[in-house]
Amino acid sequence: MSWSLHNLFPICVKPTCPSFSKRHMLPHQEEIAKQILTGDENYIYWQGGVGSAKTMLYAAISAAFIITIPHSRAILFRKDYGLNYETLWLYFKQRIEAACIQGIVKADYTKLFSRKKQGDYTYCELPNGSTARAGQTKSWSEFMGPTYDLIVVSDAMENNNFGEIFRGEGVVGGLQSRLRGQPSSFFKLPNNTYKDMRRFLIETNPPPNVNELHSLFGREPGVRNLTDTPDPVTGRYITYRHIQTTSTQNDHNPASYVLEIASTHSNPDDIRRILEGKTVPYYGGIRVIDTFHPEIHVASFEVDQELPLFIGIDPGGQHPGVTFSQIKQCAYEKDHYITYDKTTYELVDYRNSDQLGILQHLGDFYPSYFDLEAYFQIRDKLLENIDDPSHIDSRILEGHFYRIHFCIDKSAERKSPANRDAKSDRIILSTEYGIKCRVKTNIGLEQSLSRMKKLHKEICVCNLPRRMIDRNCLMLIDAYSGGYRYPKRKDGTHSDKPVEDHRYEDISDADRYSLENFFFTKFSIEESRRDEVKRPIDLHPWAWMGEHYNR
Ligand SMILES: [Zn+2]
Ligand SMILES: [Zn+2]
């Protein structure tokens with residue numbers, strides 16, 4: 001018989017629906033099904049508001065998939081069997097039953113299921129040789145034996161280790177490595193061409209935090225590459241599709257459904273996240289820089305190689321925060337403070353894949369400002385035959401940073417028992433690495449924060465904010481979006497001191513010190529070099545900017 005995906009849906013019970021008493025999918029489900037089945041993406045990440053009927057569509061696609069592709073193998077996951085039996089697996093069984101009732105599958109529905117585990121059958125085998133089984137992601141490695149044509153994970157945010165489940169750790173592959181079923185890889189279309197129909201379907205309510213799901217599938221909808229390298233055989237990139245839907249797209253919810261859910265949340269961000277499916281992180285507390293708005297302050301920027309680089313450092317124990325910024329002038333000759341990116345790992349000299357110290361970060365991303373190799377060659381030479389690295393002639397190293405200006409929190413002046421000879425961070429940076437840092441004292445936390453809040457309100461006559469942040473500064477953007485927050489008291493008021501979370505606070509502090517030293521304070525390069533006139537490197541390629549900085 002001829003049938004469509006609509007046939008596998010429940011009979012409509014909404015009296016005012018034009019398709020009342022017929023089987024049908026909702027318009028947004030139909031659109032998404034079309035994208036999943038006709039698109040080239042093997043991986044689908046669907047982030048949808050509550051009640052946007054994600055599980056039902058995945059269940060119907062799963063049933064249609066194994067009916068259409070003979071000898072294919074599907075696995076349907078939720079965190080544990082108990083949850084799966086009440087949602088995805090339940091809906092899947094009902095879709096198969098609907099197929100049997102309508103003669104789409106010519107079999108006795110009750111005879112298709114076998115292998116009882118924890119109270120329900122876990123296997124479904126169709127007359128065409130296809131199978132589907134229920135799985136639980138909490139013990140995902142048990143399901144790694146066979147290869148699959150279709151893998152479905154429902155409510156992915158229930159798993160706090162989704163990256164591991166998906167990709168695996170080290171050489172051990174995750175579920176992704178099992179998506180290689182032959183029947184789906186070479187599925188013959190009616191026009192006698194072949195299509196790769198392997199599908200890995202993931203759905204989730206919008207996670208309350210930016211998390212592993214977003215590192216894998218991004219925060220915004222779209223089709224993007226899953227990996228950086230093309231397939232060695234086909235030359236194609238593996239792609240994924242990120243879909244977002246809102247609760248209101250399901251017009252078969254009760255009329256008051258959205259209102260009922262919205263009424264239980266007072267924070268508009270929660271409503272955007274829970275109902276509209278948007279990526280809106282929730283941090284708790286009260287955000288500190290409440291004048292920051294990503295849609296206004298975040299854009300893409302390129303480093304202006306002609307201008308000096310400003311680096312702000314928060315030494316913060318094991319969690320240093322470091323920002324890299326420049327001050328650019330617009331056509332109205334007004335200064336705009338632009339922050340590019342950050343590093344938050346070991347402070348100065350460190351490399352472990354993408355975790356970089358300041359020197360390595362400068363070498364990788366700002367090679368025209370800093371020659372990492374030459375620096376270390378000279379430093380290694382200076383260290384020869386010297387027992388104490390602070391005895392080297394650090395002025396020779398300072399020359400390597402002649403277009404870079406550093407500042408650091410005053411806490412870096414403190415002698416630290418963790419350092420060798422209990423030296424302060426600032427002394428070590430200066431004497432051992434040639435990194436001289438400005439330290440502005442008596443900033444005053446409250447006054448400083450109010451300068452920050454005010455700055456983020458300032459829009460220049462050129463229509464751009466005085467302060468902008470590059471899209472790549474994910475942690476700083478997250479921090480100002482709410483990660484950098486005041487603790488909230490029970491009575492609704494908040495403390496005046498931001499939460500010391502060793503994450504968002506550190507990067508926000510680094511940014512604030514940099515602004516305090518180089519932007520709020522009139523910064524003069526000439527003055528900062530006053531004591532250094534006798535130094536061998538007296539080339540000042542920024543000399544032409546003197547006027548600009550002394551204004
Ligand atoms: Zn209907
Ligand atoms: Zn401007």
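Two strands count as paired when DSSP finds at least two bridges between them. With that in hand, welcome to this predicted model, in which nine strands form an open sheet and two zinc ions each sit in a tetrahedral site. Here is a quick tour, one topic at a time.

**The nine-stranded sheet**
- The strand order is β3-β4-β5-β2-β6-β9-β1-β11-β10, and the pairing is mixed.
- The edges belong to β3 (113-117) and β10 (222-225); each has a single partner strand, so one side of each has no neighbour in the sheet.
- From one strand to the next, the twist averages 20°.
- Strands of a sheet can pair parallel or antiparallel, in either case through backbone hydrogen bonds.
- At the β3 edge, the neighbour is β4 (residues 120-125): the two run antiparallel and are joined by four bridges.
- If you would like a pair to look up, S114 has Y123 in β4 as its bridge partner.
- Helix α1 (residues 27-38) lies across β1 (43-48), β9 (199-204) and β11 (239-245), and runs at about 175° to β11.

**Zinc ion (ligand 1)**
- Four protein donors hold this ion at 2.0 to 2.4 Å: C12 (SG), C17 (SG), H24 (NE2) and H252 (NE2).
- Angles among the four donor atoms span 103 to 115°, and the site is tetrahedral.
- Along the chain, the donors follow the spacing C-x4-C-x6-H-x227-H.
- C12 has a relative accessible area of 6%, so it is buried.
- C17 is buried too, with a relative accessible area of 9%; the cut-off for buried is under 20%.

**Zinc ion (ligand 2)**
- Here the coordinating atoms are C330 (SG), H336 (NE2), C460 (SG) and C462 (SG), at 2.0 to 2.4 Å.
- This site is also tetrahedral, with angles of 100 to 118° among its four donor atoms.
- The donor spacing reads C-x5-H-x123-C-x1-C along the chain.
- H336 belongs to strand β16 (residues 335-343), while C462 is in the loop between α15 (445-455) and β21 (467-470), so this pair ties together parts that are 126 residues apart in sequence.
- H336 is buried, with a relative accessible area of 5%.

**A helix pair**
- Helices α11 (residues 358-365) and α12 (residues 372-383) have axes that come within 9 Å and cross at roughly 140°.
- That crossing makes α11 oblique to α12, because an angle must be over 145 degrees to count as roughly antiparallel.
- At the contact, L359, Q360 and G363 of α11 meet L372, Y375 and F376 of α12.

Definitions and conventions. Residues numbered from 1 in each chain as written. Chains lettered and ligands numbered in written order. Predicted model: local features only at pLDDT ≥ 70, side-chain atom pairs only at ≥ 80, totals over all residues. Heavy atoms only, no water. Donors = N, O, S within 2.8 Å, 3.2 Å for Na, K, Ca; no water. Tetrahedral: all angles 85-135°; square planar, octahedral: opposite > 155°, others 65-115°. Buried < 20%, exposed > 50% of the residue type's maximum accessible area, 1.4 Å probe, protein only. Axes fitted to C-alpha atoms, helices over the stretch in contact; angles between N-to-C directions. Contact = heavy atoms within 4.5 Å. Parallel < 35°, antiparallel > 145°, perpendicular 65-115°, else oblique.
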